[in-house]
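Thanks for sending this one over. Here are my comments as numbered points, to read with the model open beside you.

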Amino acid sequence: MPSKNTLNNTSDIKIGIIGPKDLVNQTKETLKSFPNFTPVFRLVEQDSQIHEITKELINDVEVLMFTEYHAYNIAKQLVEFKIPVHHMPLMGTGLYRSLFLIKIAYPLTCLSIDTFDKKYIEQILLELEEVNYDLLVYKNNTSSSGIYEIIKFHIENYRIHNSIVLTGIQDVAKQLDNLQIPYQWVTPTQQDMIVSFERALLATDTRRNKESQIVFGLINIDNFKNITAKYSSEHDVQLLKLKLQQMLLEYIKMLDGHLIILGGDEYSFITTRGIFERETRGYKFIPLLQDVKNELGVTISLGVGFGRTATESGNHARLALRQSLDLGGNVCYIVREDQSVLGPVDITTYKQYERYDLAITDPQLLDKAEKAGMSASYMTKLMARVSRHKKIEYTAQELASTLNVTIRSANRILLKWTDAELVDIVGEEKVTHKGRPRRIYRLSFIEEEQR
């Protein structure tokens, strides 16, 4: 097992996901809401694989998650767990869903069940207003029983009692399907999975350490000089700043943090990582930016830094703020302790943010970037976006859209890159309306980096 120091020096928490293919694939969508997890997937095709897969992953990850209770129960009997191990319980919305589907598809007179607690099934059926039914429960420990024994139990119940099967095991469901015996395979819903991953996250040493980690934030009023020039008196400017400070104080209070007025057009705040992650819903939602714009008619830029020390958090917050200002403001970027960047945080929808590495180490590229008057972080951001779009040839209009800047700014950038020999003009694009053809530029520096 990796040492605690090694784990604490990484920004991601490795989680092992063990289960059948269908459920493992289902977890991939849910895991997009957990940016701290780096998943390691292992597919189980038969029970005999569970022992070896579990032993292998225990030494490689910080927490384990079984998508089926059946597999978890088998592993628990065979392996000594040295790390937190969880399973996705089938006692939530997934079980309600399956019982409801049975209720509307069949006359619910008899249920043959495995994996589930009888009293819990009775409680749900009572809520579904079902009273006249029989429950036939597989009472042997499913970890010591072969799949064949469980299937045999359900077959006998179906032949004798015409029962409907409720199972939590995919292999059982497949065999019943082949035999054309009516069944419902209970699988966790996305909400069930979210709850399970939240519990797994909170159980890790890395997470407990990160919960109290210092988060440093910097807030900048965009184009403050231009804004103040529109006001006829200093009194009105001060009123605007007071209103903004009030909004900032209210938001930072939600973060259980401390606001510091740095003077001029800048503010800072301090909070803890656990609270920041919960209030931003996993770095996806910062209503402050939109609220300020709607109520005061001004925009702000936000940079947030994570770090192992207060100094590191503050330095990363400054780097993150530069990213926000480079993009034109009214956005938030986050720089984590390993200098990876998250952003821009979407303030109105739940669009997936971009993640990329802040550091460029190629000395020739750094030299060319400097000649072009571009920061290394800005160059990296561009490479991340271009890599995502799998495209290296752009018109100024296309580059403006990719970078979320004006066409004028894109033309200025391309001119600098052309002078620094970072791009090549490879052709022209004819336009249907009157006007000059658009030049097509190949971003040769990105092409070289991707080789």
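Which are the buried residues of helix 15?

1. Let me start there, with the reminder that this is a predicted model. Helix 15 covers residues 310–326, and its buried residues are Ser313, Gly314, His316, Ala317, Ala320, Leu321, Gln323 and Ser324. The length of helix 15 also checks out: at 1.5 Å a residue, its 17 residues should span 24 Å, and the end C-alpha atoms are 24 Å apart, which agrees. After helix 15 comes Gly328, with a positive phi near 105°.

2. Leu321 deserves a click of its own. This residue of helix 15 has a relative accessible area of 1%, so it counts as buried. Try picking Tyr333 as well: the two are 12 residues apart in sequence, while their C-alpha atoms are 6.7 Å apart in space.

3. Next, please look at the open sheet of 4 strands, whose order is 2-1-3-4 and whose pairing is parallel. Its edge strands are strand 2 (37–43) and strand 4 (85–87), each of which pairs on one side only. From one strand to the next, the twist averages 25°. Strand 1 (residues 13–19) and strand 3 (residues 63–66) run parallel and are joined by 4 bridges. To find the register by eye, start from Ile18, which stands opposite Phe66 in strand 3.

4. Staying with strand 3, which way do its side chains point, and are they buried or exposed? Val63 and Met65 point one way, Leu64 and Phe66 point the other way, and all are buried. Strand 3 is also joined to strand 4 by 3 bridges, again in parallel, and the bridge partner of Phe66 in strand 4 is His87. Between these two strands the chain crosses through helix 4, and this β-α-β crossover is right-handed.

5. Strand 5 (residues 110–113) can be read in a similar manner. Cys110 and Ser112 point one way from strand 5, with Leu111 and Ile113 pointing the other way, and all are buried. Strand 5 runs parallel to strand 6 (residues 134–137), with 4 bridges joining the two, and Cys110 stands opposite Asp134 in strand 6. The route from strand 5 to strand 6 passes through helix 6 (residues 118–127), in a right-handed β-α-β crossover. Strand 5 has strand 7 (residues 164–167) as a parallel partner too, through 3 bridges. There, Leu111 stands opposite Ile164.

6. For contrast in strand direction, turn to the open sheet of 3 strands in the order 16-18-17, where the pairing is antiparallel. Strand 16 (393–394) and strand 17 (424–429) stand at the edges with a single partner strand each, so one side of each has no neighbour in the sheet. Strand 16 pairs with strand 18 (residues 438–442) over 2 bridges in the antiparallel sense. Glu393 stands opposite Arg442 in strand 18.

7. Now for empty space. Rolling a probe the size of a water molecule over the atoms shows where such space is left. How many cavities of 30 Å³ or more does a search of the whole structure find? There are 2 cavities of 30 Å³ or more, and the largest cavity holds about 100 Å³ of space. Its lining has 13 residues, of which Pro20, Val44, Asp47, Glu68 and Asp171 lie nearest the centre. Helix 4 (69–78) and helix 8 (170–178) each supply at least two residues of that lining.

8. Lastly, a backbone point. Most residues other than glycine have a negative phi. Glu129 is not a glycine, yet its phi is positive, about 65°. Glu129 is found in the loop between helix 6 and strand 6, and at 69% relative accessibility it counts as exposed, because the cut-off for exposed is over 50%. Gln339 is not a glycine and has a positive phi of about 70°. Gln339 is found in the loop between strand 13 (332–335) and strand 14 (340–343). With a relative accessibility of 29%, Gln339 counts as partly exposed.

How values were computed: Residues are numbered from 1 along each chain as its sequence is written. This is a predicted model: local features need pLDDT of at least 70, side-chain atom pairs count only at pLDDT 80 or more; totals for chains, interfaces and linings use all residues. Side-chain values use heavy atoms; hydrogens and water are left out. Two strands pair if DSSP finds at least two bridges between them. Axes are lines fitted to C-alpha atoms, for helices over the stretch in contact, and angles run from 0 to 180 degrees between N-to-C directions. Buried means under 20% relative accessible area, exposed over 50%, partly exposed in between (1.4 Å probe, protein chains only). A crossover is right-handed if, with the strands pointing away from the viewer, the path from the first strand over the helix to the second runs clockwise. The expected span of a helix is 1.5 Å times one less than its number of residues. On a 1 Å grid over the protein atoms alone, a cavity is a set of points where a 1.4 Å probe fits but cannot get out, and a pocket is an open set with protein on both sides within 12 Å along at least five of seven lines; lining residues have an atom within 4 Å of a point. Grid points are joined across faces, edges and corners, and a volume is the space filled by probe spheres set on the points.
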